[in-house]
Amino acid sequence: MESESDIKTTPRGFHCVLCKVNVPNQSSVDQHVKGRKHQTLSNVRTTRKTQEQHSVFVSGIKPDISQADLVEYFQKFGTVSDIILDKDRGVFAIVQFSETDSIQAALSCIEHRMKGLNLRVKPREKKEFAYIPKKKCDLQNLQQVLDRLKPQLCQLPSVNAQMQYIESRFQLGDAEKKARNLLVQLLQEIFVEFFPDSQILQFGSSVNTFGIHSCDLDLFLDLENTKVFQARAKYTSEAAECMSDDGRSEDSILSDIDLSTASPVEILELVATILRRCVPSVHKVHMVSSARLPVVKFHHRELNLQGDITVNNKLAVRNTRFLQLCSGIDHRLRPLVFTIRYWAKQKQLAACQIQSEVLFVLKLKGNPSGPGPLLNNYALTLLVIFFLQNCEPPVIPTVDRLKDMACEEEECLIEGWNCTFPSQPIAVPPSGNTQDLCTLLAGFFSFYAKFDFASSVISLRAGRVLPITDFLCNKDNYNKDKDQEKNTKPQQSGPKLGPLNILDPFELSHNVAGNLNERSQKCFQKACQDAEKYCRSLQYLRKSTKGKMWGLVRLFTPDGGVEQTTPDELNISIPFKSFALPEALRNQLHVAGDDFRSLWFEKVCTCVQKVFQSVLRCELTLSAGFGVSEDLAADVSVEMETSSGSLNTSANDSLNSPTNAAQVGAKRRLSASDETSLSPQGKKARMSKRGKRELPYWLWVQKHSVWAGRRKVRREIIKDADLQPEGSCMDLETRVTDRIIEKEEELKEPLEFKVQPHVVGGTENTRTVLKLEPCSDRAGVLQDFVHFLDAFLPKMVESLLEKEAGGS
Ligand code: ATP
Ligand code: MG
């Protein structure tokens, strides 16, 4: 049996070579072989084998040759059961026959002439079926595409030329657009039969000028006129007659549903039925009702195209028009967006659908981007536009300014949101900014490398960041855009805050990047930091005379050209997570406004001290600099550093007083500097007025390795006491520490260490940084302790903040 030969014995058990998984024992092997994955792959392998045995490889065709042409020609050798055509380049095809005899007939024919072409027909190569796990497969495909791009990019004279090449290489071609338009036309004709007066409109990358080969086809089924039609039909007998006159009898699909009350999901169910039954070549029709906007997805076989149909999506059609406009306002936007999308895809940051002929040949199914919350292309494009709004001078005007440039006829209100902007780019004066593409690309990375994502909300409407504190309070405050008064939409809730907040330019209560988690935000920023560093090197700017990788090639190559810096292991960061804060604290921070960092820092310091003292049982031997007077606390606020990473702790420090810290130290002096610095978001830094001051600090002693074996002890305690781990995190962790102290021996020499907290933000992500330094570490354990604290401390602080807020 084939399944048996798939299982190999290994020193640790078994390995299934088909599914590429390890299996520990014989009973698991039996289960695995019967399981869905193994069975599916096994079936695919059998099908592939049959296909191989029934097909020939044909080369020498041209892109204008269709599947029908090939069927017509090859059916003289036997019944053709399938044709797989290399769509992107159109140079080869695989012709599959129903009978194996037909292969011999085709191969023995000496000359194959079809439509003036000399075709070459060869037997299929026999390939061992190999399953490549999806993620690995995606990476391999990306790598293959890049490998083919490299030589072409390297020989171009400049980064500008490379960016233009990326744009022309990936953009949606005219033939592709034409094919899409024909499909839309066909859908329109079919849908109007079922939904009289309905309109099907394209939006998204197919038409927003940023489309690439094989990007999906986003469609909006506009049923506004159909609703009117249905209402008339319902209430006037003439219309009802008219309905039967033109064949739309009461049995039509429209009579099954009342559009004025039906939910989008109900309507889309009908849409799915129509697609399945009436549209040729459409398959894999399914509904995703859990999406923010329910959608029906389908695949068009001939065009190898993924399509999405939504209803109630006028805003997306409008924001597509907005992107088109931006593209027309400045010709640099497109190459910039294409390059950044490609870079983001290479770095696994964004869900670009850059498919290639390789993907086609492999018949890769599904989204090639793999799991995890990634930036979508719309969000990424908005980030590029926002950067261009913030260039000096701006390349693209703010949405508010665009609104002012529109004339009366262009006024547009959708669902209460003001979506007014000029219909033509000619209405927008050209930008005075003359930076070239190469400089703008480097500028994009530099802008976001230092961006304070944690405490900013990106507003393309205002063309600047809005402070997160405006959005922390529950009601009414999330929208301070001056355009707000024009928006008549009743506002119940603000945008869903997350680690990256980009307000939609029109639907101002929607965070376009609301799907991202902390990890994806961090990865994005880290990738920008790496890219920024690389863009400062000569390898970015100068073509290599020795044929080495340079310019965009290194930027796109995983880790290419970027020196990996080892993080300072004795620093621990506690990120400001606006979205995870308890309600009460959010309100306090909202009231604090610009001073929110000081207040948050104060709370964090209080929690940090509690964790060291009460949870980890460290002995506090000194606490200095926390007990400053109130005027000082208000005065220090947070300093906006002029460059990222310049945490000059003596000159640029900032602090506040944790209310319950042991007040040992005397009042500290403040920074003598009276300069002000400007953050990229245009905020004036608040510098302290007094003299230079040291960071506050604690001195701690720890006599036990309270970080070692915590998980095991925690499990034991939970088991013994039948405790819910989430129940009382602080109590549980304290008990874990106590049990370790009780059971384990003391360290040979106590660990004495200093912890200096400070808060950063403004030109980098807002966070509290704790700098740890050994005072005495003869047992050499501080590294281990810091490693443990790195994960433990932020989590504990988060739950303590929650607890404190609950108690207050
Ligand atoms: P591509 O399909 O090439 O990835 P796209 O711009 O078409 O790029 P989609 O994810 O298909 O991206 O989204 C289609 C359109 O839907 C967008 O152009 C935008 O108009 C709208 N859209 C997508 N995501 C969001 C979002 N998070 N918030 C608001 N509108 C969105
Ligand atoms: Mg799309």
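Here a trainee and a mentor talk through a predicted model and the terms used for it.

Mentor: In this predicted model, local features need pLDDT of at least 70 and side-chain atom pairs count only at pLDDT 80 or more, while totals for chains, interfaces and linings use all residues. Residues are numbered from 1 along each chain as its sequence is written, chains are lettered from A and ligands numbered from 1 in the order in which they are written, and side-chain values use heavy atoms, with hydrogens and water left out.

Trainee: Why is glutamate 224 called partly exposed?

Mentor: Buried means under 20% relative accessible area and exposed over 50%, with partly exposed in between (1.4 Å probe, protein chains only). Glutamate 224 has 38% relative accessibility, so it counts as partly exposed. This residue lies in helix α9 (residues 224–235); helices are DSSP runs of H or I with at least four residues, and strands are runs of E with at least two, numbered from the N terminus.

Trainee: What makes Asp216 and Asp218 donors of the magnesium ion (ligand 2)?

Mentor: Donors are N, O and S atoms within 2.8 Å of the metal (3.2 Å for Na, K and Ca), and water is not among the atoms, so sites may look incomplete. The OD atoms of Asp216 and Asp218 lie 2.0 to 2.1 Å from the ion. Both aspartates are buried, too.

Trainee: How do you know that β20 and β21 pair?

Mentor: Two strands pair if DSSP finds at least two bridges between them. β20 and strand β21 (residues 697–702) have 5 bridges, in the antiparallel sense, and serine 623 stands opposite tryptophan 698 in β21.

Trainee: Which strands stand at the edges of that sheet, and why is one side of each left without a neighbour?

Mentor: The open sheet has 5 strands in the order β19-β23-β22-β21-β20, with antiparallel pairing. β19 (571–575) and β20 (619–624) are at its edges; each has a single partner strand, so one side of each lacks a neighbour in the sheet.

Trainee: What makes a set of residues a nonpolar core?

Mentor: Such a core is a set of buried Ala, Val, Leu, Ile, Met, Phe, Trp, Tyr and Cys residues joined through side-chain atoms within 4.5 Å. The largest has 87 residues, and Phe322, Trp343, Tyr448 and Phe524 are those with the most contacts inside it.

Trainee: Why is this core said to lie between domain 2 and domain 3?

Mentor: Domain 2 (141–154 + 317–538) and domain 3 (174–314) both give residues to this core, so it lies between them; the domain bounds come from an automatic or database domain assignment.
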